[in-house]
Amino acid sequence: MGGIHDYDRYDAVDLATLIRRRELSAAEILEEAIRRVEAVNPRLNALVAECYAAARRRTAAPLPESALAGVPFLIKDITYMRGMACTSGSRLFADFVPDHDSEIVARYRAAGLVLFGRTSTPEFGLNVSTESVLFGATRNPWNLSRTSGGSSGGSAALVAAGVIPAAHATDGGGSIRIPASCCGLVGLKPTRARNPQGPDVGEGWGGMSTGHVVSRTVRDSAAFLDATHGPAVGDPYSAPRFDGSFLGECARAPRRLRIALDITPLTGVPAHPDCIEAAQRAAKLCESLGHVVEEASPVFDSLVFRQATGVVVCANVANSVDARLANLGRALRADDIEANSRSTVEYGRSLSAPRYAAAMQTIHQTTRAVARFHENYDVMLTPTLVAPPVEIAWLDTASLDPATFGDRFSRFWGFTNLQNATGQPAISLPLHWNADDLPVGVQFVGRFGEDALLLQLASQIERAQPWFDRRPTAA
């Protein structure tokens with residue numbers, strides 16, 4: 001069998017180190033990643049477009065001085081890459097080809113990452129399972145009948161399957177952390193505006209969305225944040241300034257922390273016993289590391305909050321669809337978008353400007369309530385999801401009626417979108433596997449701007465309970 005026999009031993013920081021030492025070349029590592037993706041993608045359906053020729057040319061050019069230079073990398077099919085279709089998982093955008101990179105992609109290129117393809121997403125990133133009419137379902141390498149999560153499920157599936165050590169992901173309601181949980185990975189959603197959204201987006205989903213990566217190690221997530229963080233010219237927001245190295249922070253132990261354990265989903269349903277067990281075990285691990293853990297929850301109206309975030313998301317999706325239709329010079333057709341997306345667009349179109357303003361006010365009020373809660377607690381600990389990875393097609397956006405889809409959605413998702421609204425950093429760590437050998441992630445939430453402290457804690461936990469050598473076998 002060809003290839004790099006010990007490729008699985010290395011994370012992104014390791015691979016870049018091997019390239020700098022000339023023990024392996026960027027070209028050799030790229031070919032290994034291509035070989036692996038070609039082997040597993042027929043089963044996973046996670047890579048939706050490739051640019052191997054351009055990637056090979058990149059490995060032949062000089063690399064910059066960077067902690068990640070030469071590492072192969074994939075971009076989620078919802079963020080612009082110049083010259084490649086950006087479909088957002090939708091037939092309506094199937095032939096949309098941007099002529100420029102998003103700012104975060106430009107920063108990945110500047111760091112010397114070798115971009116060689118696009119990963120799958122559900123339509124407009126709306127589902128917590130990566131399934132679309134355009135591309136089909138992406139499967140979980142731990143169990144091919146289960147979802148890889150969403151909306152960054154393609155990236156997560158390929159990282160978990162060992163194709164690359166990290167991949168680009170975005171998160172507007174949990175879309176980094178959810179697939180990280182489903183696939184046994186690290187998934188950090190940074191503080192709002194820590195990474196840039198531009199030049200085409202000022203505030204994705206009213207400031208709730210951000211981009212980063214899913215990875216196998218905490219230090220990779222930190223290294224990628226070093227490569228991309230900081231405002232771009234004209235950004236409407238900026239995170240608190242950070243002049244150090246997030247990667248460097250991973251070597252530091254956090255101070256003794258006060259941690260709030262919260263196992264109550266925002267959706268008002270009970271969490272699955274596997275998810276509760278995962279969080280409670282993580283709480284005991286934190287106590288063994290010297291931290292203080294107690295059960296506590298921020299106080300706010302979760303129903304009113306969920307309704308407000310729904311208003312913001314639906315209004316933004318409707319705006320995106322209508323802008324695309326205006327560019328095409330036509331009305332929406334029956335086969336342009338999926339049934340759930342059509343309901344989203346119709347609701348978004350029905351909303352008034354005062355309704356949107358009221359929703360934003362609710363979100364801001366909730367943000368202040370949660371900030372007051374974090375005056376007493378350094379970190380909040382929750383399950384990442386309400387249930388372990390569900391079966392493919394259980395969350396079908398093409399055929400389920402809205403009521404059934406909404407009910408199932410609430411029984412799978414219910415811990416992650418609060419941090420999108422409040423802007424706080426949050427990370428899902430792979431700390432538990434259930435009796436079916438399915439990953440069950442645990443979420444840790446920090447104060448606004450305290451990404452470094454969250455990475456310190458995550459690294460401490462990773463050292464105490466390593467997960468790197470635990471690999472899926474289905475793919």
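Which residue in β10 is the bridge partner of G187? The bridge partner is V214. This briefing covers a predicted model. It looks at strands, pockets, cavities and aromatic rings. G187 is a good place to start, as its strand, β9, spans residues 186-189.

**Strand β9 and its partners**

- β9 and β10 run antiparallel, and two bridges join them.
- β10 covers residues 210-215.
- β9 also pairs with β14, again antiparallel, over three bridges.
- G187 has a bridge partner in β14 too, namely S428.
- In a regular strand, side chains alternate between the two faces of the sheet.
- In β9, V186 and L188 point one way, while G187 and K189 point the other way.
- All of these β9 residues are buried.

**Strand β15 and its partners**

- β15 runs from residue 439 to residue 446.
- How many of its eight residues are buried? The count is eight of eight.
- One side of β15 carries P439, G441, Q443 and V445.
- The other side carries V440, V442, F444 and G446.
- Both faces are covered.
- β13, residues 379-383, is joined to β15 by five bridges, and the two strands run antiparallel.
- Within that pairing, V379 of β13 has G446 of β15 as its bridge partner.
- β14, residues 426-433, pairs with β15 over six bridges, also in the antiparallel sense.
- A426 of β14 meets V445 of β15 as its bridge partner.
- β14 and β15 form a hairpin with five residues between the strands.
- D437 in this hairpin takes a positive phi near 60°.

**The largest pocket**

- The largest pocket holds about 1,000 Å³ of space.
- Its lining has 38 residues.
- Nearest its centre lie I78, Y80, S88, V201 and S320.
- Three elements each supply at least two lining residues: β8 (166-171), β10 (210-215) and α10 (302-328).
- Which element gives the largest share of this lining? It is α10, with eight residues.
- By class, the lining has 13 nonpolar, 20 polar and five charged residues.

**The second largest pocket**

- The second largest pocket has a volume of about 870 Å³.
- It is lined by 32 residues, and those closest to its centre are R306, G310, C314, F409 and W413.
- Two or more lining residues come from each of α10, α11 (339-350) and α13 (402-410).
- α10 gives the largest share here, with seven residues.
- This lining divides into 13 nonpolar residues, 18 polar and one charged.
- Helix α10 therefore deserves a look in both pockets: it gives the largest share of the lining in the largest pocket and in the second largest pocket.**The cavities**

- The whole structure has three cavities of 30 Å³ or more.
- The largest cavity has a volume of about 120 Å³.
- It is lined by 14 residues.
- A193, N195, Q197, G202 and Y237 lie nearest its centre.
- Its lining has four nonpolar, seven polar and three charged residues.

**Aromatic rings**

- The structure holds 13 aromatic pairs.
- In one of them, the ring centres of F93 and F96 are 6.2 Å apart.
- Why is this pair edge-to-face? The ring planes of F93 and F96 stand at 85°, so the pair gets that label; the cut-off is over 60 degrees.
- F93 is buried, with a relative accessible area of 12%.
- F96 has 21% relative accessibility and counts as partly exposed.
- F93 and F96 belong to one aromatic cluster with Y80 and F124.
- Y80 is also among the residues nearest the centre of the largest pocket.

**Charges over rings**

- R324 lies over the face of F93, 5.3 Å from the ring centre.
- The charged end of R471 sits over the ring of F468.
- R471 is 4.8 Å from the centre of that ring.

**Strand β12 and V292**

- V292 is in strand β12, which covers residues 292-295.
- Is V292 buried or partly exposed? V292 counts as partly exposed, at 29% relative accessibility.
- V292 and G198 are 94 residues apart in sequence.
- In space, C-alpha to C-alpha, V292 and G198 are 40 Å apart.

Methods:
Residues numbered from 1 in each chain as written. Predicted model: local features only at pLDDT ≥ 70, side-chain atom pairs only at ≥ 80, totals over all residues. Heavy atoms only, no water. 1 Å grid on protein atoms, 1.4 Å probe; cavity = no way out; pocket = protein on both sides within 12 Å on 5 of 7 lines; lining within 4 Å. Points joined across faces, edges and corners; volume = space filled by probe spheres on them. Helix = DSSP H or I, 4+ residues; strand = E, 2+ residues; numbered from the N terminus. Nonpolar A, V, L, I, M, F, W, Y, C, P; charged D, E, K, R; others polar. Phe/Tyr/Trp six-rings, centres within 6.5 Å; stacked < 30°, edge-to-face > 60°. Buried < 20%, exposed > 50% of the residue type's maximum accessible area, 1.4 Å probe, protein only. Lys NZ or Arg CZ within 6 Å of the ring centre and 35° of its normal. Pairing = 2+ DSSP bridges.
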